[in-house]
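Welcome, and thanks for opening the viewer. Please load the model, keep the selection tool handy, and follow along stop by stop.

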Amino acid sequence: MRLFLSVRVRFAPSPTGSLHIGGARTALFNYLFARSQGGKFILRLEDTDFERHQEEAEANILESLRWLGLEWDEGPDRGGPYGPYRQSERLELYQQEARRLLEAGLAYPCYCTPEELAAERERMRREGKVPRYSGRCRNLSPEERAELEAKGIRPALRLKVPAEGQIVVSDLIRGEVVFDCSTLDDFIIMKSSGVPTYNFACVVDDAHMKISHVIRAEEHLSNTPKQLLVYRALGYEPPAFAHVPMILAPDRSKLSKRHGATGVEEFRAQGFVPEALLNYLALLGWSPGDEQEIFSKDELIARFSLEAVSKHAAIYDIQKLTWFNSQYLNLLPLERLYELALPFFRQAGLGEEIERAERDYVLQVLATVRSRARTLVELVDMSSYFFRDDFAYDPKGVDKFFRRPGVAELLKEGKEALSRISSFDEASIEAAYRRLIEEKGIKGGDLIHPTRLALTGRTVGPGLFEIMALLGKERCLARLERAAQWIEENI
RNA sequence: GGCCCCAUCGUCCAGAGGCCUAGGACACCGGUCUUUCAAGCCGGAAACCCGGGUUCGAAUCCCGGUGGGGUCACCA
């Protein structure tokens with residue numbers, strides 16, 4: 001690994017939507033690389049497309065990154081030595097740099113209208129040719145230019161691309177990738193509106209922000225020769241490049257909205273915890289080389305390297321993400337779990353109950369239930385009867401356990417047995433129940449199953465005696481009574 | 001279509017010429033534990049895209065084919 005004086009990497013999303021998992025992983029790799037190298041992780045917003053810009057998108061993306069725990073050292077919200085960090089606020093810089101190229105004769109104004117260009121492209125395509133700009137405006141005489149200017153046409157600016165030669169992209173993940181200049185055309189660097197295009201703004205910013213490594217998705221590999229041309233024209237030393245493989249949808253196509261949940265925000269809403277998503281994403285396209293799967297953020301930082309990033313695209317698998325999530329639900333400190341689950345309790349209408357309950361009680365509930373939940377949504381759902389009494393009985397459970405003759409009476413006997421216990425702990429409860437089971441000469445399940453239904457409304461859940469001890473004597477007795485009555489009235 | 005990238009179980013990864021009878025994980029199937037459901041534990045099925053080379057020896061190197069992906073805008 002080469003040692004750089006100062007590693008500076010950036011994540012540069014365009015605020016046109018929410019952060020999807022591909023972007024999140026790119027951000028993560030940048031973050032891990034920066035942290036592992038003692039460098040800086042910079043956030044920059046590429047918001048030069050005013051048409052597609054979405055007001056909420058910026059806040060949304062920042063929030064998703066924060067939620068994932070990818071804190072940045074410099075960015076639009078916190079500034080830094082090379083700001084501003086929004087391209088829309090750096091327009092003078094691009095114009096200044098563009099002027100330099102114009103004056104040096106490395107770029108030229110183009111007066112073609114978008115319509116003309118589109119028509120030209122279309123014609124070339126129809127003729128089976130590769131659509132490339134003809135270079136029509138490249139050799140305009142000063143008189144012709146003056147004439148067009150006089151008509152009031154605002155030109156775009158194009159970079160002069162050499163007709164021959166090769167551009168070599170040296171990529172940390174892919175090695176040397178060679179592009180022939182003949183496949184490129186004089187591309188636009190400044191739109192007629194005075195706003196830079198991506199390939200220009202990106203280079204100007206990376207150079208001015210002293211970016212040492214550009215780590216981005218593979219879809220940008222084909223743009224890189226153009227950007228290298230811009231570096232050359234501007235006289236800047238290019239950074240190192242690392243193009244990470246794409247994340248594909250299960251049908252092998254590029255991720256889009258129609259593939260269900262692909263946004264960080266959506267996963268969050270579905271009850272995934274950031275630790276799990278981060279861990280899952282890290283292992284999608286990167287491998288530590290051994291068989292460990294669960295990594296804390298610090299472990300990831302310690303072990304990450306760009307060399308170990310794979311070359312081929314990965315298909316994301318919601319099932320494996322779900323597995324990671326269930327692992328973390330069991331691994332996380334209870335306090336952390338509480339914090340993460342709270343919004344979901346509120347959403348389920350249990351906010352008040354949670355706040356009224358003893359913190360310790362809530363933590364015990366979470367500890368009891370968590371091995372069964374795969375998401376926070378499930379966790380909350382499985383906890384609900386610990387916080388409210390007015391649940392309904394599962395109809396299938398009713399058919400199975402409440403329709404047996406004598407169940408109401410049995411439940412009352414159970415209640416009776418429980419009422420005599422002085423210390424309402426798990427062992428005493430079980431002892432009392434086992435005694436009753438023996439006395440009645442029934443099977444354990446004959447009492448246990450109807451009791452669980454009476455106490456929780458459900459047929460599945462944690463061990464019954466665990467549930468009872470947690471609920472406490474009073475609530476157990478009340479719920480058994482309620483169930484016995486319900487059976488007498490409804491069956 | 002041109003250019004570029006890629007190719008190991010269904011999916012994510014390991015493998016950097018002999019350690020491969022190809023390893024792990026998810027999912028799947030079976031068993032175990034058990035008051036239910038999970039979790040856990042044990043076991044099973046499941047892959048080197050094809051064809052040529054190079055080599056004593058190739059999943060690993062080279063070439064070709066095929067397949068998949070990306071990109072070709074006054075989008076980023």
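**Stop 1: around the RNA**

Start by selecting RNA strand B and its surroundings: 60 residues surround the strand, the closest being Asp 49, Arg 174, Lys 191, Gly 285 and Arg 372. Of the atoms of RNA strand B that come within 4 Å of the protein, sugar and phosphate account for 74%. Keep in mind as you look that this is a predicted model.

Next, zoom in on three individual contacts:

- Select Thr 48: an N or O atom in its side chain is 2.7 Å from a phosphate oxygen of RNA strand B.
- Select Leu 283: here a backbone N or O atom lies 3.1 Å from a sugar or linking oxygen of RNA strand B.
- Select Glu 291: a polar side-chain atom lies 3.2 Å from a sugar or linking oxygen of RNA strand B.

Now switch to a cartoon view. Among the elements that give two or more residues to the surface near RNA strand B are α4 (114-126), β6 (175-180) and α19 (444-456). Which element gives the most to this surface? Select α11, which contributes four residues. If you colour the surface near RNA strand B by residue class, you will find 22 nonpolar, 20 polar and 18 charged residues.

**Stop 2: the annotated domain**

Select residues 336-483, which an unreviewed UniProt entry annotates as "domain: Aminoacyl-tRNA synthetase class I anticodon-binding". This stretch is 71% helix and 0% strand, with its end C-alpha atoms 35 Å apart.

**Stop 3: salt bridges**

Side chains of opposite charge can pair when their charged atoms come close. A search of the whole structure turns up 37 salt bridges, so here are a few to display.

Go first to Glu 120 and Arg 136, whose closest N and O atoms are 3.9 Å apart in a salt bridge. Glu 120 sits in helix α4 and Arg 136 in the loop between α4 and α5 (142-150), 16 residues apart. Is Glu 120 buried or exposed? Glu 120 counts as buried because its relative accessibility is 9%, under the 20% cut-off. Arg 136, at 44%, counts as partly exposed.

Then return to Arg 174, one of the closest residues to RNA strand B. Arg 174 forms a salt bridge with Glu 218, the closest N and O atoms being 3.8 Å apart. Arg 174 is in the loop between β5 (166-171) and β6, and Glu 218 in the loop between β8 (213-217) and α7 (224-234), so the pair ties together parts 44 residues apart in sequence.

Finally, select Arg 10, Arg 44, Glu 46, Arg 90, Asp 205 and Asp 206 together: salt bridges with shared partners join them into one network.

Terms used:
Residues numbered from 1 in each chain as written. Chains lettered and ligands numbered in written order. Predicted model: local features only at pLDDT ≥ 70, side-chain atom pairs only at ≥ 80, totals over all residues. Heavy atoms only, no water. Near = heavy atom within 4 Å. Polar contact = N/O pair within 3.5 Å; in protein donor to acceptor, adjacent residues only side chain to side chain. Nonpolar A, V, L, I, M, F, W, Y, C, P; charged D, E, K, R; others polar. UniProt positions renumbered as here; feature names shortened; annotations may be inferred. Salt bridge = Lys/Arg side-chain N within 4 Å of Asp/Glu carboxyl O. Buried < 20%, exposed > 50% of the residue type's maximum accessible area, 1.4 Å probe, protein only.
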